[in-house]
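Visitor: Can you walk me through this one? I would like to start with the fold.
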Amino acid sequence: MIKCYCGSQLEFENCCKPYISGTKQAPTAEALMRSRYSAFATHNADYLVATTHFSTRKHHKKEDILEWATSNQWIKLLVLNSSINSVTFKAFYINNQLQSEIHHEHSIFKLENGNWYYVDGTFF
């Protein structure tokens, strides 16, 4: 079995996959953020678009998301801090020039009708 990409040490099947496949809803902002990282690692742009809040979705094109997801090799996720509606994290990856990169972000999430959505983030 594959360990989850989000770094939880759980199996992917029992961690982020149910959220990405739509069989479960992420119960917290952090769970959604972790599942979005796993969606990047598994190149699931549909999930990334669907879990982006409608107010900012127009800024995130599916083609661009898929390009970024597939052009990088996702190494690990480190959650630095999380609150009810925000998560600060570092996503480690190898870019298409084989250079190590770190995406450091403070993300804001919104709960609507029982579903969490990514709204936007501040990058460091």
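Guide: First a term: helices and strands here are DSSP runs, with at least four residues for a helix and at least two for a strand, numbered from the N terminus. This is a predicted model. Along the sequence, the protein chain reads α-α-α-α-β-β-β-β.

Visitor: How many helices and strands is that?
Guide: The protein chain has four helices and four strands.

Visitor: What about the radius of gyration, and what would a compact globule have?
Guide: The protein chain has 13 Å; a compact globule of 124 residues would have a value near 14 Å, so the two agree. The C-alpha atoms fill a box of roughly 40 × 35 × 25 Å along the principal axes.

Visitor: What share of the residues is buried?
Guide: Buried residues account for 43% of the 124. The accessible surface of the protein chain is about 7,200 Å², and carbon and sulfur atoms hold 52% of that.

Visitor: Switching to the backbone. Which residue between β2 and β3 should I look at?
Guide: Leu-98, in the loop between β2 (86-94) and β3 (100-112). Leu-98 is not a glycine, yet its phi is positive, about 65°. Most residues other than glycine have a negative phi.

Visitor: Is Leu-98 buried or exposed?
Guide: Exposed, because its relative accessibility is 72% and the cut-off is over 50%.

Visitor: And what is the phi of Asn-113?
Guide: Positive, about 50°, and Asn-113 is not a glycine either. Asn-113 sits in the loop between β3 and β4 (115-123). With 81% relative accessibility, Asn-113 counts as exposed.

Visitor: Last topic, charges. How far apart are the mean positions?
Guide: For the 12 positive and 11 negative charges of the protein chain, the mean positions are 4 Å apart.

Technical notes:
Residues numbered from 1 in each chain as written. Predicted model: local features only at pLDDT ≥ 70, side-chain atom pairs only at ≥ 80, totals over all residues. Heavy atoms only, no water. Rg over C-alpha atoms; globule rule 2.2 N^0.38 Å. Buried < 20%, exposed > 50% of the residue type's maximum accessible area, 1.4 Å probe, protein only. Areas by Shrake-Rupley, 256 points an atom, 1.4 Å probe, with all protein chains shown as cover. Lys, Arg positive; Asp, Glu negative; His and termini not counted. Charge placed at Lys NZ, Arg CZ, Asp CG, Glu CD.
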